[in-house]
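Subject: Structure handover

Hello,

Here is the structure for you to take over. My notes on what turned up in it follow below.

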Amino acid sequence: IVGGVTFAALQSQAAVVKGNSIQTAVASLQVSSDGSNYTNSLNGYAFEGLIPGGAYVPTNGYPVYLKNVGSTPLSIKISVLPGLTNPNQVDLSKVRVSILPLGGGAGQNFGLQELVNANSTGGIALTQGARITSGQSTAVSIKVSMEADAIIGPSANISNLDINFDAVAVN
């Protein structure tokens, strides 16, 4: 005996949601020296009169204001872009960069070589003021010092030093 079963189905036409698009939030960070005029880049500071083995210069640091002009919260990272000039062969691991929140709180200290190396990995996360919501800003000061044995000779100069503040979108 051969048998078969046939199924009949009542079926609707397809309903389509047409013309969709997907768009990300905007991650955008800007900098300022005064907390009022924000741009994508800021002219650098001259850390002059530094005495190897001495105190950080300048005493109160130079201000850097960071503002989230995008539409998503941002996590802030720091690095130094490649291309700095070091004609006196300063040991960059013995040059210290201090980042302090202007509103108070614990700061972070980095070796300059550490910041140069961090550029290839996306930077080192800041711990204070590190999450900035859309439309908000945070402020830090930057100062530098140098260990006594960082140089050999009567003086040294490091130039074309670009400090990079990078932002990554976070929830």
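I begin with the cavity lining, whose residues split into 6 nonpolar, 4 polar and no charged in the case of the largest cavity. Please keep in mind throughout that this is a predicted model.

Cavity

The search returned 1 cavity of 30 Å³ or more. The largest cavity holds about 40 Å³ of space. Its lining is made up of Ile99, Leu100, Pro101, Ala106, Gly107, Gln108, Leu126, Thr127, Gln128 and Val140. Strand 4 contributes the most to this lining, with 3 residues.

Pocket

The largest pocket encloses about 960 Å³ of space. It is lined by 35 residues, and those closest to its centre are Tyr45, Ala46, Phe47, Leu161 and Ile163. Strand 1 (29-32), strand 8 and strand 9 are the elements that each supply two or more residues to the lining of this pocket. Strand 8 has the largest share, at 4 residues. By type, the lining of the largest pocket comprises 21 nonpolar, 12 polar and 2 charged residues.

Salt bridge

Over the whole structure, 1 salt bridge was found. It joins the side chains of Lys94 and Asp149, with an N to O distance of 2.7 Å. The two partners sit in distant parts of the chain, 55 residues apart: Lys94 belongs to the loop between strand 3 (74-80) and strand 4 (95-101), and Asp149 to the loop between strand 8 (137-146) and strand 9 (163-169). Asp149 counts as partly exposed because its relative accessibility is 47%.

Buried positions

Which strand holds Asn68? Asn68 is part of strand 2, which covers residues 57-68. Its relative accessibility is 0%, so Asn68 counts as buried. A polar atom of the Asn68 side chain lies 3.5 Å from the backbone oxygen of Thr133. Setting aside residues up to four places away in sequence, Asn68 touches Ser28, Leu29, Pro73, Leu74, Ile132, Thr133, Ser134, Gly135 and Gln136.

Gly70 is in the loop between strand 2 and strand 3. With 10% relative accessibility, Gly70 falls under the 20% limit and therefore counts as buried. Beyond its neighbours within four places in sequence, Gly70 is in contact with Val26, Ser28, Ser134 and Gly135. Ser28, Ser134 and Gly135 also appear among the residues that Asn68 touches. Gly70 and Ala169 are 99 residues apart in sequence, while their C-alpha atoms are 9.5 Å apart in space.

Ala130 is placed in the loop between strand 6 (124-125) and strand 7 (131-132). Is Ala130 buried or exposed? Ala130 counts as buried, because its relative accessibility is 13%. Once its neighbours within four places in sequence are left aside, Ala130 is in contact with Leu74, Ser75 and Ile76. For the pair Ala130 and Leu74, the C-alpha atoms are separated by 7.8 Å, and the two residues are 56 apart along the chain. Leu74 is also one of the residues touched by Asn68.

Backbone geometry

Most residues other than glycine have a negative phi, and most peptide bonds are trans. The following items are listed against that background.

- The peptide bond from Val57 to Pro58 is cis, with omega near -15°. Pro58 lies in strand 2.
- Gln89, although not a glycine, has a positive phi of about 55°. It is found in the loop between strand 3 and strand 4. Gln89 is exposed because its relative accessible area is 63%.
- Asn160 also has a positive phi of about 55° and is not a glycine. Its place is in the loop between strand 8 and strand 9. At 48% relative accessibility, Asn160 counts as partly exposed.

The loop between strand 8 and strand 9 thus comes up under two headings: Asn160 is found there, and so is Asp149 of the salt bridge.

Regards

Key:
Residues numbered from 1 in each chain as written. Predicted model: local features only at pLDDT ≥ 70, side-chain atom pairs only at ≥ 80, totals over all residues. Heavy atoms only, no water. Salt bridge = Lys/Arg side-chain N within 4 Å of Asp/Glu carboxyl O. Buried < 20%, exposed > 50% of the residue type's maximum accessible area, 1.4 Å probe, protein only. Polar contact = N/O pair within 3.5 Å; in protein donor to acceptor, adjacent residues only side chain to side chain. Contact = heavy atoms within 4.5 Å. 1 Å grid on protein atoms, 1.4 Å probe; cavity = no way out; pocket = protein on both sides within 12 Å on 5 of 7 lines; lining within 4 Å. Points joined across faces, edges and corners; volume = space filled by probe spheres on them. Nonpolar A, V, L, I, M, F, W, Y, C, P; charged D, E, K, R; others polar.
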